[in-house]
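I opened this entry to keep track of what I looked up, step by step. The notes follow the order in which I went through the structure.

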Amino acid sequence: MAATERIGRADTADYRTPPTSAGVAEPPDWASHALGRERRMGRVVCDGVTIRYLSWGDPAAPATVLVHGGAAHAMWWAPLAALLDHGGHVVALDLSGHGLSDHRPVYSVGTWAREVVAVAEAVSPDPATIVAHSLGGIASSVVLTDPALAEHVRRVVLVDTPAWPDAPAPEQPLAEREVRPHRIYAAAAEGVARFRLVPPQPCDNDWYVDHIAWHGLRPVDEPHAPAAGVQWRFDPRIFANPTGNHQIVRFGGDLDEACRPFAVVMGERSYLAEGARRALAGRPDTPLLFVPDAAHHVMLDQPLSLLSTLRSLLTTWP
């Protein structure tokens, strides 16, 4: 069973509203309204580790579960989650090693896939819909193609996910990144100012970039830390790749073995867009949609267009 507690925007102990001193740009009215909607926080234990999630809407309704990408967190989805399914149930989780969820000694895509299913089972009375971005989409592709995991989901939407065998790596392959401790910033405003997207790309929505940067920081609480301040929440070891199979760069399986319907939504300007057209176009019963003027981090570039695309897709398909 999942343990849940009811929270509101003003009294969330961790994902809290940024103070003026944080240097965070003010969101537009629609996003401010969305972020102000009441949400709940819950948790479930998967393979001995606590996985936390946020939820909006009617918990008795079948859930749509949103999964973030690498080094991200549930709040990447928050401005859209609160608006995605009025009257329904929307959940955004933190994978292990990310956000408010616990860390593991070693990470794998298979473990993250089990976490997605564990949350889906905990929050949805019926098989859930999964909407997953980037690394979250790789983990959800494992769910799609594993019969034992797929029986717990209804359908999957992969958002700008490298889900085919020769999908290109980012400019700096994530599996080759050096694993080192996070830098400590004296104040949150410094961390927000230094935040960079991975893979790198420009983004005109400064408020959204500031939003995810702020919520990606946590106070330093280690007793032997050299200084007080803040540092990134994600575990830098998520980029370690002891198996050498580039598991966090692309899906290593075959979507032809999918056990549930899936759709693909890409950013039109993403480094993955051309490959997706070659690898995934023309698949029967598999929608392939492109969000105009969006790169890999689709929700940051065109949040309202992505919201509209997902609403339409989830209403009419399959």
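**Helix α7**

I began with α7, which is mostly covered, with nine of its 10 residues buried. I listed the buried ones: Trp207, Tyr208, Val209, Asp210, His211, Ile212, Ala213, Trp214 and His215. I note for the rest of these entries that the model is predicted.

**Whole chain**

I then stepped back to the protein chain, where I counted 10 helices and 11 strands. The protein chain has 318 residues, and 56% of them count as buried. I also looked at contacts between residues at least 6 apart in sequence, and 77% of these join residues at least 24 apart.

**Helix α3**

I went next to α3, which runs over residues 109–123. I compared its reach with expectation: its 15 residues cover 21 Å from the first C-alpha to the last, close to the 21 Å expected at 1.5 Å a residue.

How many of the 15 residues of α3 are buried? I found 11, and noted the helix as mostly covered. The buried set includes Thr111 and Glu115. Val109, Trp112, Ala113, Val116, Val117, Ala118, Val119, Ala120 and Val123 are buried as well.

**Nonpolar core**

I looked up the largest nonpolar core and found 103 residues in it. Which residues have the most contacts inside this core? They are Val65 and Trp77. Among the contributors to this core, α3 gives the most, with nine residues.

I followed Val65 outward, leaving out residues up to four places away in sequence. Val65 touches Val119, Ala120 and Val123, which are among the buried residues of α3. Val65 also touches Val91, Leu93, Ala128, Thr129, Ile130 and Val131.

**α3 against α4**

I checked how α3 sits against helix α4, residues 135–145. The two pack at an angle of about 80°, and their axes are 8 Å apart. I therefore recorded α3 as roughly perpendicular to α4. On the α3 side the contact is made by Val109, Trp112, Ala113, Val116 and Val117. On the α4 side I noted Leu135, Ile138, Ala139, Ser140, Val142 and Val143. Sorted by class, this contact of α3 with α4 has 10 nonpolar residues, one polar and no charged.

I stopped at Gly136, which lies in helix α4. Is Gly136 buried or exposed? Gly136 is buried, with a relative accessible area of 0%. I took the C-alpha to C-alpha distance from Gly136 to Val116: 8.7 Å in space, for 20 residues in sequence. Leaving aside neighbours within four places in sequence, Gly136 is in contact with Val67, His68 and Gly69.

**Backbone: cis bonds**

I looked up the cis peptide bonds at two prolines. The bond from Val198 to Pro199 is cis, with omega near -5°. I placed Pro199 in the loop between α6 (188–194) and α7 (206–215). Trp317 and Pro318 are also joined by a cis peptide bond, with omega about -5°. Pro318 lies in the segment after α10 (303–316).

From Pro199 I went on to Pro170, which is found in the loop between β7 (153–159) and α6. Pro170 is buried, at a relative accessible area of 10%. Which residues does Pro170 touch, not counting those up to four places away in sequence? They are Pro199, Val249 and Tyr271. I also noted that the C-alpha atoms of Pro170 and Pro200 are separated by 8.4 Å, with these positions 30 residues apart along the chain.

**Backbone: positive phi**

I ended with two residues that have a positive phi. Asp47 is not a glycine, yet its phi is positive at about 50°. I found Asp47 in the loop between β2 (39–46) and β3 (49–57). Asp47 is partly exposed, with a relative accessible area of 45%.

Ala71 is not a glycine either, and its phi is positive at about 65°. I placed Ala71 in the loop between β4 (63–67) and α2 (78–84). Buried or partly exposed: which applies to Ala71? At 22% relative accessibility, I entered Ala71 as partly exposed, since buried means under 20%.

How values were computed: Residues numbered from 1 in each chain as written. Predicted model: local features only at pLDDT ≥ 70, side-chain atom pairs only at ≥ 80, totals over all residues. Heavy atoms only, no water. Helix = DSSP H or I, 4+ residues; strand = E, 2+ residues; numbered from the N terminus. Expected span 1.5 Å × (residues − 1). Buried < 20%, exposed > 50% of the residue type's maximum accessible area, 1.4 Å probe, protein only. Core = buried A, V, L, I, M, F, W, Y, C linked by side-chain atoms within 4.5 Å. Contact = heavy atoms within 4.5 Å. Axes fitted to C-alpha atoms, helices over the stretch in contact; angles between N-to-C directions. Parallel < 35°, antiparallel > 145°, perpendicular 65-115°, else oblique. Nonpolar A, V, L, I, M, F, W, Y, C, P; charged D, E, K, R; others polar.
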